[in-house]
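Subject: Structure for you, with notes

Hi,

Here is the structure I promised to pass on. Have a look at it first, then read my notes underneath.

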Amino acid sequence: QVQLVESGGGLVQIGGSLRLSCVASGYIRSINDMGWYRQAPGKQRELVARIISGGSTNYTDSVKGRFTISRDKAKNTVYLQMNSLKPEDTAVYYCNADVVTTVYPYNYWGQGTQVTVSS
């Protein structure tokens with residue numbers, strides 16, 4: 001069984017910064033893509049940022065220039081550095097990963113971590 005555990009969420013003021021971490025554990029042969037999604041109250045879950053095995057990244061337009069996704073393959077960990085936070089960034093942030101345990105990749109989700117940006 002594979003688990004993704006997020007940490008680093010919390011309450012921050014407008015313009016502040018937070019760094020989210022997500023560690024994958026369990027029987028893992030390899031991890032392909034890893035990413036961060038978020039879901040605000042009353043809204044659908046949306047992609048925030050994703051990083052593929054080769055290191056290429058993509059971001060939703062609203063966070064470009066403010067958020068940076070990175071990963072440490074040796075630690076099965078993905079990070080999301082969030083700077084210049086805005087109230088509209090308030091949401092539950094979920095880690096997501098395509099994990100190969102035997103032959104084929106399977107998609108896993110973390111339990112989520114709350115990020116609240118207030119004035």
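A word on residue classes before anything else: Ala, Val, Leu, Ile, Met, Phe, Trp, Tyr, Cys and Pro count as nonpolar, Asp, Glu, Lys and Arg as charged, and the others, Gly among them, as polar. With that split, the lining of the largest pocket has two nonpolar, four polar and seven charged residues.

Some ground rules. This is a predicted model, in which local features need pLDDT of at least 70, side-chain atom pairs count only at pLDDT 80 or more, and totals for chains, interfaces and linings use all residues. Numbering starts from 1 along each chain as its sequence is written, and side-chain values use heavy atoms, with hydrogens and water left out.

**The pocket**

The volume of the largest pocket is about 180 Å³. Lining it are 13 residues, and the closest to its centre are Arg38, Ala40, Lys43, Glu46 and Glu88. On the terms: the search runs on a 1 Å grid over the protein atoms alone, and a pocket is an open set of points with protein on both sides within 12 Å along at least five of seven lines, where a lining residue has an atom within 4 Å of a point. The points are joined across faces, edges and corners, and the volume is the space filled by probe spheres set on them, the probe being 1.4 Å.

**The overall picture**

What does the secondary structure come to? Zero helices and eleven strands, so the pattern along the sequence is simply β-β-β-β-β-β-β-β-β-β-β (helices are DSSP runs of H or I with at least four residues, strands are E runs of at least two, and numbering goes from the N terminus). The protein is as compact as a globular protein of 119 residues, because its radius of gyration is 14 Å and the globule rule gives 14 Å (taken over C-alpha atoms; the rule is 2.2 Å times the number of residues to the power 0.38). Its C-alpha trace spans about 45 × 25 × 25 Å along the principal axes.

Of the 119 residues, 42% count as buried (under 20% relative accessible area; exposed is over 50%, and partly exposed is in between, with a 1.4 Å probe and protein chains only). The accessible surface is about 6,300 Å², and carbon and sulfur atoms make up 48% of that (Shrake-Rupley, 1.4 Å probe). If you take contacts between residues at least 6 apart in sequence, 54% join residues at least 24 apart (contact means heavy atoms within 4.5 Å).

**Two strand residues**

Trp36 sits in strand β4, residues 30–39, and is buried at 0% relative accessible area. Its C-alpha is 5.6 Å from that of Tyr94, although 58 residues separate the two in sequence.

Ser21 belongs to strand β3, residues 18–26. Buried or exposed? Ser21 is buried, with 17% relative accessibility. Beyond four places in sequence, Ser21 touches Val5, Glu6, Ser7, Trp36, Val78 and Tyr79, so Trp36 turns up again here.

**Loops worth a click**

Asn76 is in the loop between β7 (67–72) and β8 (77–82). Its phi is near 50 degrees, a positive value in a residue other than glycine, and Asn76 is partly exposed at 23%. Leaving aside neighbours within four places, Asn76 is in contact with Cys22, Val23, Ala24, Ile28, Ile31 and Met34. For Ile31, 45 residues away along the chain, the C-alpha separation from Asn76 is 7.6 Å.

Ser84, in the loop between β8 and β9, also has a phi near 50 degrees, positive in a residue other than glycine. Ser84 is partly exposed, at 41%.

Thr101 is in the loop between β9 (91–100) and β10 (105–109) and is buried, at 18%. Apart from residues up to four places away, Thr101 touches Val2, Tyr27, Arg29 and Tyr108.

Then there is Gly112, in the loop between β10 and β11 (113–118), buried at 16%. Outside its neighbours within four places, Gly112 is in contact with Glu6, Val92, Tyr93 and Tyr94. Lys43, one of the residues closest to the pocket centre, has its C-alpha 15 Å from that of Gly112, with their positions 69 residues apart along the chain.

Cheers
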